[in-house]
There are 2 protein chains.
Amino acid sequence: MITSYTEENYLKAIYHLHHEKNASVSTNSISESLQTRAASVTDMLKKLADKGFINYAKYQGVTLTDSGKQKAIEIIRKHRLWEVFLVEKLNFKWDEVHDLAEELEHINSEILINKLDEFLDFPKNDPHGDPIPDKNGVLKSQEVLPIHKLQIGDAGIISGVKEHSKGFLQYLEKTGLTLGETIKIVDKIDFDGSVIINIHQKEQNISREVAKNLLIAI
Amino acid sequence: MITSYTEENYLKAIYHLHHEKNASVSTNSISESLQTRAASVTDMLKKLADKGFINYAKYQGVTLTDSGKQKAIEIIRKHRLWEVFLVEKLNFKWDEVHDLAEELEHINSEILINKLDEFLDFPKNDPHGDPIPDKNGVLKSQEVLPIHKLQIGDAGIISGVKEHSKGFLQYLEKTGLTLGETIKIVDKIDFDGSVIINIHQKEQNISREVAKNLLIAI
DNA sequence: TTATATTTTTAGACTTATCTAAAAATTCAT
DNA sequence: ATGAATTTTTAGATAAGTCTAAAAATATAA
């Protein structure tokens with residue numbers, strides 16, 4: 001079943017929203033995520049249901065069918081492989097690649113993406129630490145937790161972000177909180193939710209916001 | 001001025017048609033080249049004229065304005081750089097890359113394409129021998145002639161094709177007529193327009209059709 | 001040079017993805 | 001559990017790019 005650029009963006013958004021809240025996805029949440037009016041979302045949901053990509057009943061929110069899930073994972077695979085290409089081969093910074101990958105992910109060729117995968121030496125994660133599905137759509141999810149869920153004394157490696165905005169990524173870069181660094185929780189401040197971590201043999205304070213969006217593999 | 005995917009295809013088509021016949025481009029020739037009805041072409045020509053990309057007067061055919069020419073050359077630059085990438089880095093064959101480049105050429109980022117150019121080490125020609133415009137839109141056209149315009153005794157290097165169809169490129173590949181090979185004209189047969197050339201120290205007969213579409217630098 | 005053929009344009013319609021405004025369904029709070 | 005707030009859907013409209021059918025302009029040929 002052929003999918004348009006737009007349909008692909010809806011499927012991807014539904015996939016991500018489902019994994020954020022682990023529940024059926026509401027019209028409004030899609031509307032917000034795609035910056036599109038709810039009325040337009042409803043129209044598209046009907047279309048995607050007709051094509052068999054989602055389970056949709058009026059007013060009940062949606063879930064992806066198997067074929068919808070597969071499509072979404074294909075697009076995510078393409079997005080993340082292009083991001084690796086842009087950072088590793090073309091020397092883009094990790095905060096510059098999202099929008100470009102957003103366009104490249106819609107180029108439609110299985111051969112192309114598999115050859116790109118090979119050229120990049122079958123990377124397991126994209127520049128933000130997110131796992132890359134393999135050519136069969138298998139996505140191995142690593143055990144990660146946001147910093148604010150760790151206990152004092154816990155240690156681990158920075159291995160992903162929950163928030164992908166340019167601003168956040170640039171902040172992390174500037175303060176040395178980059179993928180692969182080892183950190184340890186020194187203290188958690190109840191008052192404002194901030195966390196004191198040890199990184200590079202020094203103590204560093206991290207705000208609640210950052211702690212919630214920085215993922216650690218233990 | 002922003003251009004849609006479709007507008008870009010029209011501009012590119014007009015550019016190529018103009019360089020084929022060296023005259024103003026007719027509605028019907030665009031219609032045929034894009035596989036779109038003439039009525040639709042007329043609509044689009046009005047739009048492109050409004051945007052300042054073409055000179056258009058009813059029934060008179062069109063020419064590109066400076067800004068239209070610039071847009072067209074940008075797209076051609078992107079198309080040809082992506083073709084080099086696909087062949088040199090991803091190991092596609094020269095007859096497999098056209099359709100993919102046709103999609104990739106519409107990805108809109110000057111930084112991306114300049115970084116790609118650098119990554120590929122600033123190639124001068126694409127895998128079919130066509131020259132790649134530089135980042136300022138300067139396109140240096142090499143002195144090339146189709147084989148059927150050469151005289152007996154002339155020699156040169158195969159450096160491009162006029163016809164880009166898969167079938168033709170595969171035929172050339174199979175018979176060893178690839179870019180960079182040196183050839184010499186041994187004889188020209190008036191009867192059927194075929195040409196006998198010397199290549200790899202052997203004589204080889206080439207049909208009129210092939211002779212017309214294989215370009216030699218002398 | 002006038003009739004015929006060809007090319008190009010106009011007119012009106014369709015599809016996709018979007019919008020606004022208003023109606024309907026659901027959820028929430030008292 | 002019922003009235004208010006929120007969410008979702010319906011109805012009708014718009015823009016981009018395409019189409020067919022028919023009219024108008026241009027080119028060609030006797």
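The exercises below, each followed by a worked solution, concern a predicted model with chains A and B.

**Exercise 1. The salt bridges of Glu7(A)**

Find which side chains meet that of Glu7(A) in a salt bridge, and work out which parts of chain A are tied together in this way.

*Solution.* Begin with the partners of Glu7(A): its side chain meets that of Lys47(A) in a salt bridge with an N to O distance of 3.0 Å, and it also meets the side chain of Lys51(A), again at 3.0 Å, N to O. Both distances can be checked against the cut-off, since a salt bridge requires the nitrogen and the carboxyl oxygen to be within 4 Å.

Next, place the residues. Glu7(A) lies in helix H1 of chain A and Lys47(A) in helix H3 (residues 38–50), so this pair ties together parts that are 40 residues apart in sequence. Lys51(A), by contrast, lies in the loop between H3 and strand E1 (54–56), so its pairing with Glu7(A) ties together parts that are 44 residues apart in sequence.

Then consider accessibility. Glu7(A) has a relative accessibility of 1% and therefore counts as buried, whereas Lys47(A), with a relative accessible area of 38%, is partly exposed, and Lys51(A) counts as partly exposed at 26%. Taken together, Glu7(A), Lys47(A) and Lys51(A) are linked in a network of salt bridges.

**Exercise 2. A buried charge without a salt bridge**

Decide whether Glu8(A) has a salt bridge or lacks one, and describe its surroundings.

*Solution.* First locate the residue: Glu8(A) lies in helix H1 of chain A, which covers residues 5–21. Glu8(A) is buried, and the nearest side chain of opposite charge is that of Lys78(A), 4.8 Å away. The cut-off for a salt bridge is 4 Å, so a distance of 4.8 Å does not satisfy it, and Glu8(A) accordingly has no salt bridge.

Finally, list what Glu8(A) touches when residues up to four places away in sequence are not counted: these are Thr3(A), Ile75(A), Glu105(A), His106(A) and Asn108(A).

For comparison, take another charged pair that involves helix H1: the side chains of Glu102(A) and Lys12(A) meet in a salt bridge of 3.0 Å, N to O. Glu102(A) lies in helix H5 (residues 98–104) and Lys12(A) in helix H1, so the pair ties together parts that are 90 residues apart in sequence. Here Lys12(A) is buried, with a relative accessible area of 8%, while Glu102(A) is partly exposed, with 25%.

**Exercise 3. Where the two chains meet**

Describe the interface between chain B and chain A by its area, its polar links and the elements that chain B gives to it.

*Solution.* Start with the extent: 19 residues of chain B are in contact with 19 residues of chain A, and the area buried between the chains is about 1600 Å², of which carbon and sulfur atoms give 80%.

Continue with the links across the interface, where zero salt bridges are found, although there are four residue pairs in polar contact. On the side of chain B that touches chain A, the elements that give two or more residues are helix H4 (66–88), helix H5 (98–104) and helix H6 (110–119) of chain B. The largest share, five residues, comes from H6(B), and the residues of this side divide into twelve nonpolar, four polar and three charged.

To end, look at helix H6 of chain A, residues 110–119, whose buried residues are Leu112(A), Ile113(A), Asn114(A), Leu116(A) and Asp117(A). What covers them includes helix H4 (66–89) of chain A together with H4 and H5 of chain B.

**Exercise 4. Positive phi values**

Where do Tyr59(A) and Phe122(B), residues with a positive phi, lie in their chains?

*Solution.* As background, most residues other than glycine have a negative phi. Tyr59(A) has a phi near 65 degrees and is placed in the loop between E1 and strand E2 (62–64) of chain A, where it counts as exposed at 81% relative accessibility. Phe122(B), with a phi near 50 degrees, is found in the loop between H6 and E3 of chain B and is partly exposed, with a relative accessible area of 48%. In chain A, Asp121(A), just after H6(A), likewise takes a positive phi, of about 70 degrees.

Terms used: Residues numbered from 1 in each chain as written. Chains lettered and ligands numbered in written order. Heavy atoms only, no water. Helix = DSSP H or I, 4+ residues; strand = E, 2+ residues; numbered from the N terminus. Buried < 20%, exposed > 50% of the residue type's maximum accessible area, 1.4 Å probe, protein only. Lys, Arg positive; Asp, Glu negative; His and termini not counted. Contact = heavy atoms within 4.5 Å. Buried area = accessible area lost by both parts, 1.4 Å probe. Polar contact = N/O pair within 3.5 Å; in protein donor to acceptor, adjacent residues only side chain to side chain. Nonpolar A, V, L, I, M, F, W, Y, C, P; charged D, E, K, R; others polar.
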